[in-house]
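Here's a quick briefing for anyone meeting this structure for the first time. Have a look at the model, then read on.

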Amino acid sequence: MTVTDHIAAEIRRHGPLPLERVLEVALYDPADGFYETGGRSGGRQGDFLTSPEVGPLFGAVVGRALDGWWREMGSPDPFVVVDAGAGPGSLCRAVLASAPDCASVLRYVLVERSAALRRLHAETLRLEDPALAFAPVDPDTEAPVPEAVRGPICVSLTELPRVKGPAVVLANELLDNLPFGLAERRAGEWWEVRVDLGEAQGPAPPAGFVQRLVPLDRERANLLDRLVPDPADGVRAPLQEAARAWLRDALALAGPRGRVVVIDYGATTATLAGRPQDRWVRTYRGHRHGASFLEALGEQDVTCEVAIDQLATVKRPALDRSQVEWLHASGIDELVAEGRAQWAERAGVGDLAALGARSRVTESEALLDPAGLGRFRVLEWAR
Ligand SMILES: C[S@@+](CC[C@H](N)C(=O)[O-])C[C@H]1O[C@@H](n2cnc3c(N)ncnc32)[C@H](O)[C@@H]1O
């Protein structure tokens with residue numbers, strides 16, 4: 001059964017489906033969802049390029065930031081870092097390669113719901129039994145951790161672990177990938193966009209699925225009334241329940257001494273509603289913008305810019321900076337200067353170290369591009 005058949009069958013059984021349900025199947029169906037059948041970032045075969053896929057520089061900056069947060073937390077041992085929506089594991093590999101000071105106590109937990117991508121973790125990282133990531137140091141005896149469980153220890157999981165922190169929970173370009181809903185303003189009311197079968201009642205794309213408006217429930221309508229004052233007729237706004245639920249879970253996991261860091265493209269709900277929908281609901285296929293979001297289901301990525309004020313209804317972030325500001329504050333300039341100096345020294349040798357040093361300069365340009373990755377928001381929740 002293809003994703004399209006699956007969705008058509010559900011509509012026949014239950015009537016028009018919430019968009020969240022359609023995206024859940026299209027992106028994450030365990031057999032045919034986009035992320036199970038090859039959807040991934042980076043590389044020549046990738047569908048989109050994220051900061052960790054630009055090269056190892058981003059992971060080196062994250063390594064420095066982890067050291068800073070570890071020290072602020074009182075240098076806990078173990079130091080649990082959760083990489084939520086880890087994709088193929090590139091961020092983890094780059095963080096480890098940067099040899100952060102916290103490495104010997106680091107428990108790096110990759111959380112990735114796609115089994116196809118988790119297989120890549122096993123191929124490219126030395127993974128340990130997940131129980132080791134949370135093995136506590138006995139606070140009474142302060143017994144030294146046996147050599148066998150010295151860090152860095154990496155484990156790979158399907159979902160956020162249900163344990164209490166302290167932990168740093170990082171999510172790079174995860175929240176824009178969580179299923180979302182859409183609302184539309186019509187005749188002074190908010191309506192929810194549902195997905196129905198087209199006239200022919202057949203599943204065949206592109207004419208197979210159509211959008212239908214049904215009244216939006218009071219709770220979410222009240223939320224939009226607060227976040228989008230004076231909406232014009234016809235405007236659309238995102239509904240990000242899954243992102244809010246993820247944040248609740250991530251805050252519980254981080255614990256009161258921990259930290260949640262979300263890196264993504266984002267704006268307020270009102271700002272998004274003020275733009276045409278195709279500027280904030282984006283599809284990607286083979287490094288290009290894909291088709292409209294109800295077409296090619298299962299064959300393209302579907303993302304929604306993160307509505308930061310909807311996350312703030314769970315808890316207001318302590319810090320909200322652009323990726324440019326965050327990278328500068330976290331030491332990217334020093335790393336690039338180091339790269340330039342090494343290149344100047346080793347250019348004649350032309351070995352891998354020299355080429356790596358030179359690539360830092362080009363990587364930094366991509367990461368700091370104010371019209372590209374640089375304009376992402378870095379949101380931090382800390383005590
Ligand atoms: C756009 S990719 C980003 C990957 C990686 N963080 C990066 O920056 O390259 C989003 C990833 O999140 C995964 N994902 C989506 N929902 C998830 C969830 N609830 N828990 C864990 N992983 C999830 C997807 O399968 C996908 O690999």
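A word on charges before we start: Lys and Arg count as positive, Asp and Glu as negative, while His and the chain ends are left out. On that basis the chain carries 43 positive and 55 negative side chains, and the centres of the two sets sit 1 Å apart. Keep in mind that this is a predicted model.

**The chain as a whole**

- There are 13 helices and 17 strands to find your way around.
- The chain has 383 residues, and a compact globule of that length would have a radius of gyration near 21 Å; the chain comes out at 22 Å, which agrees.
- Measuring along the principal axes, the C-alpha trace spans about 65 × 55 × 45 Å.
- Buried residues account for 52% of the 383.
- The accessible surface adds up to about 17,200 Å², and carbon and sulfur atoms own 52% of that.
- Take the contacts between residues at least 6 apart in sequence: 76% of them join residues at least 24 apart.

**Strand 6 and its two partners**

- Strand 6 covers residues 181-186, and 5 of its 6 residues are buried.
- One partner is strand 9 (residues 236-239), which runs antiparallel to strand 6 and is joined to it by 4 bridges. Here E184 has R236 as its bridge partner.
- Another partner is strand 7 (residues 189-197), also antiparallel and joined to strand 6 by 4 bridges. In this pair, R186 stands opposite E189.
- Strands 6 and 7 make a hairpin with 2 residues between them, and A187 in the turn has a positive phi of about 50 degrees.

**A three-stranded open sheet**

- Strands 13, 12 and 14 form an open sheet in the order 13-12-14, with antiparallel pairing.
- Its edges are strand 13 (288-289) and strand 14 (301-304), each of which pairs on one side only.
- Strand 12 (residues 281-285) meets strand 13 over 2 bridges in the antiparallel sense, and R285 stands opposite R288 there.

**Two helices to look at**

- Helix 2 (residues 19-28) is mostly covered, with 8 of its 10 residues buried. Among them are L19, L23 and Y28.
- Helix 4 (residues 57-72) is home to L66.
- Is L66 buried or exposed? Its relative accessibility is 0%, so L66 counts as buried.
- Setting aside neighbours within four places in sequence, L66 is in contact with F79, V81, V95, C102 and V168.
- L66 and F79 are 13 residues apart in sequence, and their C-alpha atoms lie 9.5 Å apart.

**Backbone details in the loops**

- The loop between helix 4 and strand 2 (79-84) holds P78. A cis peptide bond joins D77 and P78, with omega at about 5 degrees.
- S75 is in the loop between helix 4 and strand 2 too. Its phi is near 50 degrees, a positive value in a residue other than glycine, and S75 is partly exposed at 37% relative accessible area.
- D230 sits in the loop between helix 7 (218-227) and strand 9. D230 isn't a glycine, yet its phi is positive at about 50 degrees.
- How does D230 come to count as exposed? Its relative accessible area is 75%, and exposed means over 50%.

Notes. Residues are numbered from 1 along each chain as its sequence is written. This is a predicted model: local features need pLDDT of at least 70, side-chain atom pairs count only at pLDDT 80 or more; totals for chains, interfaces and linings use all residues. Side-chain values use heavy atoms; hydrogens and water are left out. Buried means under 20% relative accessible area, exposed over 50%, partly exposed in between (1.4 Å probe, protein chains only). Two strands pair if DSSP finds at least two bridges between them. The radius of gyration is taken over C-alpha atoms; the globule rule is 2.2 Å times the number of residues to the power 0.38. Contact means heavy atoms within 4.5 Å. Accessible areas come from the Shrake-Rupley method with a 1.4 Å probe; for residues, only the protein chains shown count as cover. The place of a charge is taken as NZ of Lys, CZ of Arg, CG of Asp or CD of Glu.
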